Amino acid sequence: MANENGYFELNTGAKMPSVGLGTWQADPGVVGNAVDVAIKAGYRHIDCARLYLNEKEIGFVLKKLFEDGVVKREDLWITSKLWCTDLAPKDVPEALDNTLQDLQIDYVDLYLIHWPARMKKGSVGFNPENLLPLDIPSTWRAMEALYDSGKARAIGVCNFSTKKLGDLLEIARVPPAVNQVECHPSWQQQKLHAFCKSKGVHLSGYSPLGSPGTRWIKSDVLRHPVLKTVAEKLGKTPAQVALRWGLQMGHSVLPKSTNEARIKENFDIFDWSIPEDLFVKFSEIEQARLIRGTAYVHDTFGSYRSVEELWDANDNVQYFELNNGAKMPSIGLGTWQAQPGVVAEAIAIAIKAGYRHIDCAYFYGNEKEIGTELKKLFEDGVVKREDLWITSKLWCCDHAPEDVPKAMDRTLQDLQIDYLDLYLMHWPVRTKKGFISLNPEDLLQPDIPSTWKAMEALYDSGKARIIGVSNFSVKKLQDLLKVARVTPAVNQVECHPGWRQEKLHEFCKSKGIHVSGYSPMGSPGSPWFKSDVLKHPVIKMVAKKLGKTPGQVCIRWVLQMGYSVLPKSANEARIKENFDVFGWSIPEDLFAKFYEIEQAKLFTMEHFFVHETYGPYKSLEELWDGEI
């Protein structure tokens with residue numbers, strides 16, 4: 001937390017000043033004067049790095065300021081960073097010694113791994129041939145040794161995604177105290193911020209003004225109408241507003257300037273704040289990362305083949321990683337009730353709009369038409385098969401172990417593909433062979449363990465890259481997990497603001513099972529029930545405040561809950577609108593309002609799977625194990 005004096009307390013107990021002077025791109029001959037001006041103006045945090053090639057000059061100025069009694073070493077917070085060429089464990093202590101020598105100090109307050117990327121020792125510049133495979137655990141152990149020695153009072157990382165930070169936390173003896181990342185109103189990093197907060201890792205924001213002076217980045221952060229409006233209303237500059245926004249978001253900020261007036265102006269961000277009604281407007285700002293890290297991406301060299309790999313696709317939460325390591329696109333086009341003659345066009349529109357996940361099922365009766373369209377899209381080069389995630393489901397009439405592979409083969413034949421990315425058991429319900437309709441007289445006693453063994457055989461064969469279930473309660477999942485050799489990767493269930501499924505989500509999360517939400521908008525077009533999810537006052541209010549549609553708000557809410565989402569539409573405008581849920585988020589204060597929404601399950605299936613005589617379930621309580 002920042003106190004009135006401008007500090008954030010780290011997980012070590014140390015208090016880091018909330019505003020630091022950035023020194024990136026501060027040229028030798030200029031940077032020394034900037035540090036001198038900043039410290040005399042009240043800055044107590046100087047952010048350095050080996051890569052910036054100015055630590056010697058900074059060291060001379062610091063030594064003079066200490067000798068002249070302007071500031072004491074113990075009252076100053078000095079950060080530096082380990083460059084990519086020094087990530088080999090034996091090179092880490094030497095790199096810090098070189099930094100300490102140049103800065104003319106005995107310790108740094110914070111030492112960070114600059115990037116999760118490694119280059120050949122002694123290499124200069126960003127030649128891709130110098131990129132090497134990465135071994136963060138080994139580097140981190142060497143960082144921990146520096147922490148133990150006292151030469152680095154705190155250690156942390158820089159430019160780490162949620163996943164990379166999570167991986168590090170699993171093996172770290174000393175948890176990182178800080179993750180320094182790009183953060184400004186146009187790249188708010190809310191998911192990463194929330195993750196860091198949950199793990200006690202402080203987020204520190206570099207380029208808080210969008211690096212307006214950088215030649216190779218086109219930045220309009222400070223020109224955004226929201227910043228200009230807020231600045232005008234508060235009598236501040238857009239830069240001051242951007243910095244104050246960062247502090248109110250809960251992260252430290254590292255503005256860089258070598259201009260005396262701007263250095264002082266950037267520090268004048270205490271004793272005032274952005275009011276709540278203006279602060280909420282920042283959520284309207286379109287999001288775009290500026291520092292993309294393309295220098296660390298190459299087809300052959302290094303650890304990353306794409307920018308998505310470098311950032312673990314966390315730019316826009318576009319993927320969820322499953323328990324087998326596969327990355328499932330976070331939004332899929334639902335195809336239930338998408339009529340033949342209409343569904344093909346919907347598929348084409350969705351894929352051309354950016355969807356990479358199509359959710360199918362034998363029961364929907366449209367897989368043949370979907371397959372014809374997919375074949376055409378593959379042949380026309382619109383999308384490659386390997387770039388598309390295709391889900392289908394085993395219907396209740398094919399639960400007999402000998403029927404499971406036949407059902408899969410039929411689906412593959414209809415879809416005109418060789419494998420499914422995900423194959424789900426559609427319901428924990430069994431019906432007579434050949435009976436697709438929902439007639440209670442066709443209900444039989446299911447044998448989930450036997451059906452699951454047949455699903456596991458499909459997984460072993462590679463025809464189903466991943467297997468899972470749909471519409472399973474906590475109890476039914478528990479029973480399945482007791483007998484499963486292959487843990488289900490996904491449980492696809494009804495999920496929307498009117499049916500949050502929190503208990504199920506917590507259970508699935510504890511078992512490494514991803515929850516995927518169908519009917520995220522409450523299936524407003526369904527003939528089976530009356531759904532008012534999109535008309536709820538909370539959803540309408542949030543939509544109005546954010547300038548979004550109620551449908552977009554529902555979909556975004558599901559993503560922020562941690563589920564993937566499967567909106568269905570055959571309307572071109574709505575298909576595209578439903579995909580426009582990245583680059584913005586529902587602010588915490590509005591998100592909390594969703595807990596006021598009364599809960600009611602829509603898909604009870606009472607008239608289809610519950611019967612006094614037929615099948616195993618005599619009541620809704622039995623079908624849903626009390627989770628209704």
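Hi everyone. Two strands count as paired when DSSP finds at least two bridges between them. Keep that cut-off in mind, because strand β21, residues 467-470, and strand β22 are joined by two bridges, which meets it. These two strands run parallel. One more thing before we go on: what we have on the screen is a predicted model.

Let's stay with β22 for a moment. How many of the residues of β22 are buried? Five of the five, spanning residues 490-494, so this strand is largely enclosed by the rest of the structure. Toward β21, Ser470 has Gln492 of β22 as its bridge partner. Gln492 also has a partner in β23, namely Ser516. Strand β23 covers residues 514-518, and five bridges join it to β22, again in parallel. The connections are helical: β21, helix α16 (residues 474-483) and β22 form a right-handed β-α-β unit. Then β22, helix α17 (residues 502-510) and β23 form a right-handed unit of that kind too.

Now let's go back along the chain to β10, residues 178-182. Is β10 mostly covered or mostly open? It is mostly covered, with five of its five residues buried. On one side there is strand β9, residues 155-158, which pairs with β10 in the parallel sense over two bridges. Cys158 has Gln180 as its bridge partner in β10. To get from β9 to β10, the chain goes through helix α5, residues 162-171, in a right-handed β-α-β crossover.

β10 also pairs with β11, residues 202-206: five bridges join them, and the strands run parallel. For two positions to click on, Val178 is opposite His202, and Val181 is opposite Gly205. Helix α6, residues 190-199, together with β10 and β11, gives another right-handed β-α-β unit.

So where does β10 sit in the sheet? Reading across, the order is β3-β4-β5-β6-β9-β10-β11-β12, eight strands in an open sheet with parallel pairing. At the edges are β3 (21-22) and β12 (252-254), each of which pairs on one side only.

On to the helices. Helix α1, residues 31-41, has eight of its eleven residues buried, so it is largely enclosed by the rest of the structure. Among the buried ones are Val31, Val35, Asp36 and Ile39. What covers them? The cover over the buried residues of α1 includes β3, β4 (45-47), α2 (55-67) and α9 (260-267). Right after α1 comes Gly42, with a positive phi near 120°.

Next, a helix pair: α3 (residues 92-103) packs with α4 (residues 136-149) at an angle of about 50°, and their axes are 9 Å apart. That angle makes α3 oblique to α4. From α3, the contact uses Val92, Pro93 and Leu96, and from α4, Thr139, Ala142, Met143 and Leu146. Sorted by class, that is six nonpolar residues, one polar and no charged ones.

Last stop: Lys90, in the loop between β5 (77-82) and α3. Is Lys90 buried or exposed? Its relative accessibility is 66%, so Lys90 counts as exposed. If you would like a distance to check, the C-alpha atoms of Lys90 and Lys163 are separated by 26 Å, and the two residues are 73 apart along the chain.

That's my tour, thanks for listening!

Terms used:
Residues numbered from 1 in each chain as written. Predicted model: local features only at pLDDT ≥ 70, side-chain atom pairs only at ≥ 80, totals over all residues. Heavy atoms only, no water. Axes fitted to C-alpha atoms, helices over the stretch in contact; angles between N-to-C directions. Helix = DSSP H or I, 4+ residues; strand = E, 2+ residues; numbered from the N terminus. Parallel < 35°, antiparallel > 145°, perpendicular 65-115°, else oblique. Contact = heavy atoms within 4.5 Å. Nonpolar A, V, L, I, M, F, W, Y, C, P; charged D, E, K, R; others polar. Buried < 20%, exposed > 50% of the residue type's maximum accessible area, 1.4 Å probe, protein only. Right-handed = clockwise from strand over helix to strand, strands pointing away.
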